[in-house]
Amino acid sequence: MRWLVTGAAGMLGADLTALLAGEGEDVAALSRRDLDLCDPAAVRAAVRTEKPDVVVNCAAWTAVDEAELREREALAVNGDAVRPLAAACAGHGVTLVHLSTDYVFDGTARTPYAEDEPVNPVNAYGRTKAAGERAALRHGGYVVRTAWLYGAHGPNFARTMIRLAAGGDPVRVVDDQHGQPTWTADLAAQIVRLVRASPPPGVYHGTNAGQTTWYGYAREIFRLLGADPDRVTPTSSRDFPRPARRPAYGVLGHGAWGRAGLAPMRDWREALRDAWPRLAGSGEL
C-alpha cells in the first residue's frame with residue numbers, strides 16, 4: 001500500500017510517517033514546503049503523480065487565536081483546500097483520511113459527543129475545520145476528529161508544563177475546560193488500523209479515552225516529572241482571556257470504533273506514561 005501524508009513535518013504527520021516507514025510501508029511525506037494545499041492544481045498533480053492508495057491529510061491551520069483574527073486565511077487551509085484534495089482522491093479511487101477537531105462542537109454537552117452529533121462551532125477555527133469535514137465526507141472520505149495533541153515533534157501543552165516545572169514557581173492552569181490529552185503516536189497507529197480495516201467511511205473520534213481538565217493534565221505531568229503536583233493551582237478561563245472562545249467541554253465519544261469492529265484508543269494516563277521517555281527527552285523545550 002502506498003501512503004501520502006500531508007503536513008508530514010507536524011507532530012502527527014511525523015509520527016505517522018515514522019510508523020509507516022518502520023512497518024515497511026511505501027510513504028510519500030509532504031510538508032507544507034513540498035505541497036501547497038491551497039494550490040488546487042498542485043494538489044491534483046500530487047495525487048496523480050504520487051499514485052497513493054491512501055492520503056492522510058494532517059495539514060492544517062492550528063493557530064486557534066490567530067484564526068479568529070484571520071478567518072479567511074484559516075478557511076483557505078482548513079476548508080477550501082480540502083475540496084480539491086477530496087475530489088482528486090475520489091476521482092482516482094484513493095482513500096482519504098482527513099483530520100479534524102473537537103472544536104467543531106460548542107462545548108455545552110455534559111456527556112461525550114457522539115460522532116453523529118450535529119456540529120456547532122463557537123470560534124473561527126472550529127468553523128473552518130467543520131467546512132473541511134463537509135468536503136471530505138461529501139467525497140466519501142474518513143474524518144478523524146482529535147484533540148489536545150502532544151508528541152515529541154512540536155510545541156504542545158505537555159512540553160510547556162515540563163519547561164515550567166523546571167522553573168520552580170507555582171503554575172496556574174485552567175480547570176474549567178474538559179478534554180482528552182491524546183498522544184500523536186497512538187493516533188497514528190489508530191489511523192493505520194482504520195485504513196487497514198476499511199470500515200464504512202464517516203466520522204471517527206481519534207482521542208485517548210477518559211477525560212480531564214488542563215489542570216488535571218498538568219498535575220499528572222508534574223507527578224511524572226517527580227515534581228510537586230501541588231505547585232499547579234486551578235484557575236478559571238476568565239483569568240486567561242483569549243481572542244477565540246474555547247468550548248468548555250470537548251470530550252469525544254468513541255462508539256464508531258466498536259461499530260467498525262475496532263477497539264478505541266486507550267486511556268490518556270496510560271498513553272502519557274508510555275510517551276514519557278520520548279516526550280521528556282525530546283530536546284529543546
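This briefing covers confidence, annotation, aromatic pairs, nonpolar cores and a few single residues.

The model is predicted. Mean pLDDT for the protein chain is 96, and 99% of its residues reach 70 or more. A UniProt annotation, from an unreviewed entry, reads "domain: RmlD-like substrate binding" and covers residues 1-275.

**Confidence and overall make-up**

- Among the elements of the chain, β5 has the highest mean pLDDT, at 99.
- The lowest mean pLDDT among the elements, 94, belongs to α11.
- Residues 1-275 are 41% helix and 16% strand.
- The end C-alpha atoms of that stretch, residues 1-275, are 28 Å apart.

**Aromatic pairs**

- The count of aromatic pairs comes to 12.
- Trp148 and Tyr217 are stacked, because their ring centres are 6.3 Å apart and their planes meet at 15 degrees, with under 30 degrees as the cut-off for stacking.
- Trp148 sits in the loop between β5 (142-146) and β6 (149-150), while Tyr217 belongs to helix α9 (residues 214-225).
- The pair therefore ties together parts that are 69 residues apart in sequence.
- Both partners are buried: Trp148 has 11% relative accessibility, and Tyr217 has 1%.
- One aromatic cluster is formed by Trp148, Tyr150, Phe157, Trp214, Tyr217 and Trp268.

**Nonpolar cores**

- In soluble globular proteins, nonpolar side chains tend to be buried together.
- Here the largest nonpolar core has 26 residues.
- Tyr150, Val173, Tyr217, Ile221 and Leu272 have the most contacts inside this core.
- Four elements give two or more residues to the core: α7 (157-165), β7 (171-174), α9 and α11 (268-280).
- Another core, of 24 residues, lies apart from the largest one. Its members include Val5, Ala8, Tyr142 and Ala188.
- Beyond its neighbours within four places in sequence, Leu272 contacts Tyr150, Tyr217, Glu220, Ile221, Leu224 and Leu279.

**Thr213 and Thr235**

- Thr213 lies in strand β11 (residues 212-213), and Thr235 lies in strand β12 (residues 232-235).
- Thr213 is buried, because its relative accessibility is 8% and the cut-off is under 20%.
- Thr235 also counts as buried, with a relative accessible area of 11%.
- Outside its close sequence neighbours (within four places), Thr213 is in contact with Trp148, Val174, Asp175, Gln177 and His178. Trp148 is also a member of the aromatic cluster.
- With the same neighbours left aside, Thr235 touches Arg172, Val173, Val174, Asp175, Asp176 and Phe240.
- Val174 and Asp175 thus appear in the contacts of Thr213 and in those of Thr235.
- The side chains of Thr235 and Asp239 make a polar contact at 2.4 Å.

**Cys38**

- Cys38 is located in the loop between β2 (26-30) and α2 (40-50).
- Is Cys38 buried, partly exposed or exposed? At 39% relative accessibility, Cys38 is partly exposed.
- Not counting residues up to four places away in sequence, Cys38 touches Ala76, Val77 and Ala81.
- How far apart are Cys38 and His153 in space, C-alpha to C-alpha? The distance is 24 Å, with their positions 115 residues apart in sequence numbering.

Notes:
Residues numbered from 1 in each chain as written. Predicted model: local features only at pLDDT ≥ 70, side-chain atom pairs only at ≥ 80, totals over all residues. Heavy atoms only, no water. UniProt positions renumbered as here; feature names shortened; annotations may be inferred. Phe/Tyr/Trp six-rings, centres within 6.5 Å; stacked < 30°, edge-to-face > 60°. Buried < 20%, exposed > 50% of the residue type's maximum accessible area, 1.4 Å probe, protein only. Contact = heavy atoms within 4.5 Å. Polar contact = N/O pair within 3.5 Å; in protein donor to acceptor, adjacent residues only side chain to side chain. Core = buried A, V, L, I, M, F, W, Y, C linked by side-chain atoms within 4.5 Å. pLDDT = per-residue confidence, 0-100.
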